Amino acid sequence: MAEDIKKLIIDYVKKEYLEEDSGIDVNENTKLISSGIVDSFSMVSLKMFLEKKFSIKIPDEKATPEAFDSVNNIINLLKEYVKL
Amino acid sequence: MAYSEKARNFYGNELKGIRQGGLYKEERYIESPQGANIKVEFPMGSSTKQVINFCANNYLGLSSHPDVVKAAHEGLETRGYGMSSVRFICGTQDIHRELENKLTEFLGTEDTVLFPSCMEANAGLFEVMLDKEDAMISDRLVHASIVDGMRLCKAQLFNYKHNNMAHLEEKLQETQNCRFRLIITDGAFSMDGDIAPLDKICELAEKYDAMVMVDDSHATGFMGKTGRGTHEHCGVMGKIDAITTTLGKALGGAAGGCVSGRKEIVELCRQRARPYLFSNTVPPVVVAASIKVIDLLSKTTERRDKLERNTKYFRDKIKEAGFDIKEGVHPIVPIMLYNAKLAQDMARDLYHEGIYVIGFSFPVVPQGQARIRVQISADHEIEHIDKAIAAFTKVGAKYNILGKKRDEIIAAYGM
């Protein structure tokens, strides 16, 4: 289950944020915000994607750049709202 | 006084962090009018140095143009220095409305309202146009002032990959249930010098019943055959619902901006845009000079034609010299160096050679995309550009990057 979710988020990040020829590989530890792959302004679509997918509402104060900085961090955040 | 040691230390540490991160912005003192040749005191306290300026937004060379300066003097004489008022109390002169009408005609729109800056136009517009049942669909590389404006607006935010029309279309499909959708983009992007495909954006807007907003600050006055902007360049004059632009770049470069577009949107800005309502009016001297600028540009395309020739000349020559640049037609020419330190070191060496340019790196541009941004002006003569090419070639040879492509530069210097 956790592996499926990891893949789901990685696939979304690749499709939503990377150009096909970017040559950047994303895994569960890749820094997303601090590396500049996802800027804090574009993070909103990732938050909306997760909220829709898991039928949850992530409060804005929890959706920090740190909480979204890697797929692992995101999974830890999600665990507060859904049983994974 | 409650400015405690704790507060002092906190702010001091913030500044230390900015310095350590290599993000501290040093101001350089220019002791001459803006133009191709300027006198600069840098580092602070050193004697002034004569350099050729390749980093101003003075695209048309109008910042110190004698006719513009004369019009400013006349404005000062006939309409005074300040108005000590916002527009709607006692801050609107006949010349404010005259300039708004001239901008409307120049941009080919329905109406125009002046703002103290384009930053403020962008800060005010979205909140006026949209509410929580609406959607803002923005390019990811829009200017920071648009990002701030969107943050002030309650509409839902969506964004698409830079200039990626397939991704924009996906976002338009995702937001079909919203009351209004507004596609938001820069006309010309300030870091890459590339142009938004406004023809395709307008097609998508029509197909999905969305409105289009363009910030044309880096295009008004020179893009398009008669310099009207990227909407002219892309053949969509009259189709953009809201244009924001600045008087602070090509159009004389002093201050001020505007929203120009559908008349109801402009009128609503006058009633509700908070940065318009609560800031002072644009000073008469700026208004008078801006009227002269629009008159000059409406009479002849000479200056934008010269800028176009200069831009082509520089782009051709710098490529011939072996530099890796972002292709395009805009007078912003990014010389790609990928490594932040390399960009800073080369900009410093070029300054010693008498060429004033700035290196840009993350977070201003994406990680691994460090560059020197060159900005061409109609104030430049071919001799200025030749000097720049010679200096770039000398400095490029020193760092052994001439003829090298991205991967080779990264292999030598890292990202």
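1. Let's start with the three-stranded sheet in chain B of this predicted model. The sheet is open, its strand order is 11-14-13, and the pairing is antiparallel. Strand 11 (332–338) and strand 13 (358–360) of chain B sit at the edges with a single partner strand each, so each has one side left without a neighbour in the sheet. On average, neighbouring strands here are turned by 30° against each other, ignoring direction.

2. A closer look at one pairing in that sheet: strand 13 of chain B runs antiparallel to strand 14 (residues 370–375) of chain B, and three bridges link the two. If you want a register check, find Phe360(B), which stands opposite Arg371(B) of strand 14 of chain B.

3. What lies across this sheet? Helix 14 (residues 340–352) of chain B does, covering strand 11, strand 13 and strand 14 of chain B. Relative to strand 14 of chain B, helix 14 of chain B runs at about 35°.

4. Chain B has another open sheet, this time with four strands in the order 1-2-3-12 and mixed pairing. Strand 1 (29–30) and strand 12 (355–356) of chain B are its edge strands, each pairing on one side only. Inside the sheet, strand 2 (residues 37–41) and strand 3 (residues 49–53) of chain B are joined in the antiparallel sense by four bridges. For the register here, pair Asn37(B) with Ile52(B), its bridge partner in strand 3 of chain B.

5. On to the domains. The assignment splits chain B into domain 1 (24–53 + 302–413) and domain 2 (66–299). Taken over C-alpha atoms, the centres of domain 1 and domain 2 of chain B are 28 Å apart. Their contact involves 13 residues of domain 1 of chain B and twelve residues of domain 2 of chain B.

6. Which elements supply the domain 1 side of that contact in chain B? Helix 13 (302–320) and strand 11 of chain B each give at least two residues. Strand 11 of chain B has the largest share, with three residues. By class, the domain 1 side of chain B that touches domain 2 comes out as seven nonpolar, three polar and three charged residues. Note that strand 11 of chain B has come up before, as an edge strand of the sheet in the first point.

7. Now two helix pairs, both in chain B. Helix 7 (residues 165–174) and helix 8 (residues 198–208) of chain B pack at about 20° with their axes 11 Å apart, which makes helix 7 of chain B roughly parallel to helix 8 of chain B. Their crossing is right-handed. Helix 7 of chain B brings Met165(B), Leu168(B), Glu169(B) and Leu172(B) to the contact, while helix 8 of chain B brings Lys200(B), Leu204(B) and Tyr208(B). That gives five nonpolar, no polar and two charged residues.

8. The other pair is helix 5 (residues 118–129) and helix 10 (residues 263–272) of chain B, with an angle of about 105° and axes 10 Å apart. Helix 5 and helix 10 of chain B are therefore roughly perpendicular. Gly124(B), Leu125(B), Val128(B) and Met129(B) of helix 5 of chain B meet Ile265(B), Leu268(B), Cys269(B) and Arg272(B) of helix 10 of chain B. The residues in this contact are six nonpolar, one polar and one charged.

9. Last, the chain-to-chain contact: seven residues of chain A touch ten residues of chain B. The chain A side has two nonpolar, four polar and one charged residues.

Conventions. Residues numbered from 1 in each chain as written. Chains lettered and ligands numbered in written order. Predicted model: local features only at pLDDT ≥ 70, side-chain atom pairs only at ≥ 80, totals over all residues. Pairing = 2+ DSSP bridges. Axes fitted to C-alpha atoms, helices over the stretch in contact; angles between N-to-C directions. Contact = placed C-beta atoms within 7 Å. Parallel < 35°, antiparallel > 145°, perpendicular 65-115°, else oblique. Left-handed = near helix turned anticlockwise from the far one by under 90°. Nonpolar A, V, L, I, M, F, W, Y, C, P; charged D, E, K, R; others polar. Domains from an automatic or database assignment.
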